[in-house]
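Welcome! Take a moment to look over the model below, and then let us walk through it together.

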Amino acid sequence: MLNTLFSGKIDDAEKAKELRKNYDIDVSDTILVEAKRMGALAEEMEIVREEGREEGRVSRDAELADYYAAEILRKKDETGHPVEKILSETIVPPELLDLILNRISDFQKS
């Protein structure tokens, strides 16, 4: 019943018809308008939630890149080996490789 009421795939007339036919519920235009508002609010909340997830991923990736970059530079100082050699011996998430290299470059400039 709620799937029908909140569906964005069917128009109000079809919703009213389905609710009347399948559930013996006579809905008013006011209820349909409120259902649309609630549906729009739910969609907006999901967008905000996804934006928050993305911000969290970006923040996590930055923290990981900082950690790996600092560790690689520490090993470089300890061993005297070039960054490339240490990096080739270090398991890093492939999707973070460019970010790690940028952070190493940033740390070396400072």
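In helix α3, the buried residues (buried meaning under 20% relative accessible area, exposed over 50% and partly exposed in between, with a 1.4 Å probe and protein chains only) are Leu-32, Ala-35, Gly-39, Ala-65, Tyr-68, Ala-69, Ile-72 and Leu-73. These buried residues of α3 pack against α1 (2-6), α2 (12-23), α4 (83-88) and α5 (97-109). Helices here are DSSP runs of H or I with at least four residues, strands are runs of E with at least two, and both are numbered from the N terminus.

A word on what you are viewing: this is a predicted model, in which local features need pLDDT of at least 70 and side-chain atom pairs count only at pLDDT 80 or more, while totals for chains, interfaces and linings use all residues. Residues are numbered from 1 along each chain as its sequence is written, and side-chain values use heavy atoms, with hydrogens and water left out.

Helix α3 covers residues 29-79, which makes 51 residues. From first C-alpha to last, α3 reaches 74 Å, close to the expected 75 Å; that expected span is 1.5 Å times one less than the number of residues. Just after α3 comes Gly-80, with a positive phi near 80°.

Now step back to the protein chain as a whole. What does its secondary structure come to? There are five helices and zero strands, and from the N terminus on the elements run α-α-α-α-α. The radius of gyration is 27 Å, well over the 13 Å that the globule rule gives for 110 residues, so the protein chain is more spread out than a compact globule. That radius is taken over C-alpha atoms, and the globule rule is 2.2 Å times the number of residues to the power 0.38. Along its principal axes, the C-alpha trace spans about 80 × 25 × 15 Å. Of the 110 residues, 21% count as buried.

Four residues make a handy tour, set out here by place and relative accessible area.

| Residue | Place | Relative accessible area |
|---|---|---|
| Leu-73 | helix α3 | 14%, buried |
| Thr-90 | loop between α4 and α5 | 19%, buried |
| Ser-59 | helix α3 | 37%, partly exposed |
| Asp-24 | loop between α2 and α3 | 68%, exposed |

Let us start with Leu-73. Leaving aside neighbours within four places in sequence, Leu-73 is in contact (heavy atoms within 4.5 Å) with Val-83, Ile-104, Phe-107 and Gln-108. One of these partners, Phe-107, is 34 residues from Leu-73 in sequence, and their C-alpha atoms are 8.5 Å apart in space.

Which residues does Thr-90 touch? With neighbours within four places again left out, Thr-90 is in contact with Tyr-68, Ile-72 and Lys-75. Tyr-68 and Ile-72 are among the buried residues of α3.

Ser-59 brings us to another pair. Ser-59 and Asp-26 are 33 residues apart along the chain, and 49 Å separates their C-alpha atoms.

Last on the tour is Asp-24. This residue is not a glycine, although it has a positive phi of about 55°.

To finish, here is a glance at charge. The protein chain carries 17 positive and 26 negative side chains, and the centres of the two sets lie 2 Å apart. Lys and Arg count as positive and Asp and Glu as negative, while His and the chain ends are not counted; each charge is placed at NZ of Lys, CZ of Arg, CG of Asp or CD of Glu.
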